[in-house]
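Me: I would like to go through this protein step by step, with each term explained when it comes up. Please show me the sequence and the structure before we begin.

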Amino acid sequence: MRTASITRKTAETDISVEVALDGTGAYDMATGVGFFDHMLDQLARHSLIDMKIRCAGDTHIDDHHSVEDVGIALGQALAQALGDKRGIRRYGAYLLPMDDALVRCALDLSGRPYLVWNVDFPTAKIGSFDTELVREFFQALSTHGGITLHVDAIHGINSHHIAEAAFKSVARALREAVETDPRKADAIPSTKGAL
Ligand SMILES: [Mn+2]
């Protein structure tokens with residue numbers, strides 16, 4: 001079973017993450033940051049990766065540590081669940097519309113962290129949530145998941161829609177990349193023989 005369970009505790013956050021790559025998109029989020037829970041729900045639902053995430057963080061300061069550290073722990077969990085990446089498709093891409101927002105994601109489960117982030121938000125906040133934290137989350141996910149991650153907002157006028165389209169496009173691309181390719185189920189998808 002391609003599953004993983006990660007716990008991560010610092011002076012700023014106390015986090016547990018459980019993932020199952022071959023799931024149904026079941027989600028159970030409680031990060032202490034309401035809008036972030038809503039986004040993580042989308043990530044699980046549209047990747048078909050089951051995710052249970054708990055975070056007790058220093059949100060009396062702001063949401064930064066909680067969002068970034070969940071990204072770290074989720075990235076670690078995905079990398080652990082992928083193991084040697086035998087049989088995976090490895091690449092995924094998705095162009096996702098949500099009303100005014102159109103976001104494109106292309107990713108490679110390469111083991112080489114790299115984030116290209118071309119997403120601008122027209123507002124600094126979505127409710128009480130700082131829009132700049134969306135990038136912080138994906139930077140942490142890329143770094144600790146070993147993911148080459150390109151996210152480009154092609155259009156968008158509403159910050160909530162842009163953020164949600166970003167999470168959904170990454171989720172759909174991730175679904176494709178983590179899936180097993182029945183034509184190459186025993187192979188590691190690299191001419192190097194390792195990822
Ligand atoms: Mn929404």
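Me: What percentage of the 195 residues of the protein count as buried?
Reply: This is a predicted model, in which local features need pLDDT of at least 70 and side-chain atom pairs count only at pLDDT 80 or more, while totals for chains, interfaces and linings use all residues. Residues are numbered from 1 along each chain as its sequence is written, and side-chain values use heavy atoms, with hydrogens and water left out. Buried means under 20% relative accessible area, exposed means over 50%, and partly exposed lies in between, with a 1.4 Å probe and protein chains only. Of the 195 residues of the protein, the share that counts as buried is 51%.

Me: How many helices and strands are in the protein?
Reply: Helices (H or I, at least four residues) and strands (E, at least two) are DSSP runs, numbered from the N terminus. Read from the N terminus on, the elements follow the order β-β-β-α-β-α-β-β-β-β-β-α-β-α. The protein therefore has, with runs defined in this way, the following totals: 4 helices and 10 strands.

Me: Which residues are the protein donors of the manganese ion?
Reply: Donors are N, O and S atoms within 2.8 Å of the metal (3.2 Å for Na, K and Ca), and because water is not among the atoms, sites may look incomplete. In sequence, the donor residues of the manganese ion have the spacing H-x121-H-x3-E. Lying 2.0 to 2.3 Å from the ion, the protein donors are His 38 (NE2), His 160 (NE2) and Glu 164 (OE).

Me: Is Glu 164 buried or exposed?
Reply: Glu 164 shares helix H4 (residues 159-178) with His 160, the two being 4 residues apart, about one turn of the helix. His 160 has 27% relative accessibility, so this residue counts as partly exposed. Glu 164 has a relative accessible area of 6%, and so Glu 164 is buried.

Me: Which side chain of opposite charge is nearest to Asp 41?
Reply: Asp 41 has its place in helix H1 (residues 34-47), and, leaving aside neighbours within four places in sequence, Asp 41 is in contact (heavy atoms within 4.5 Å) with Tyr 27 and Met 29. For charge, Lys and Arg count as positive and Asp and Glu as negative, whereas His and the chain ends are not counted. A salt bridge is a side-chain nitrogen of Lys or Arg within 4 Å of a carboxyl oxygen of Asp or Glu. Asp 41 is buried yet has no salt bridge, and the nearest side chain of opposite charge, 8.7 Å away, is Arg 54.

Me: Which residue meets Arg 54 in a salt bridge?
Reply: Side chains of opposite charge can pair when their charged atoms come close. The side chains of Arg 54 and its partner meet at 3.0 Å, N to O. This pair links distant parts of the chain, 26 residues apart, with Arg 54 in strand E4 (residues 50-57) and the partner in strand E3 (residues 27-30). The partner is Asp 28.

Me: Which residues are joined with Arg 175 into one network by salt bridges that share partners?
Reply: Glu 179 forms a salt bridge with Arg 175, and the closest N and O atoms are 3.4 Å apart. At 31% relative accessibility, Glu 179 counts as partly exposed, and Arg 175 is also partly exposed, with a relative accessible area of 29%. Salt bridges that share partners join Arg 175 into one network with Arg 89, Glu 179 and Asp 181.
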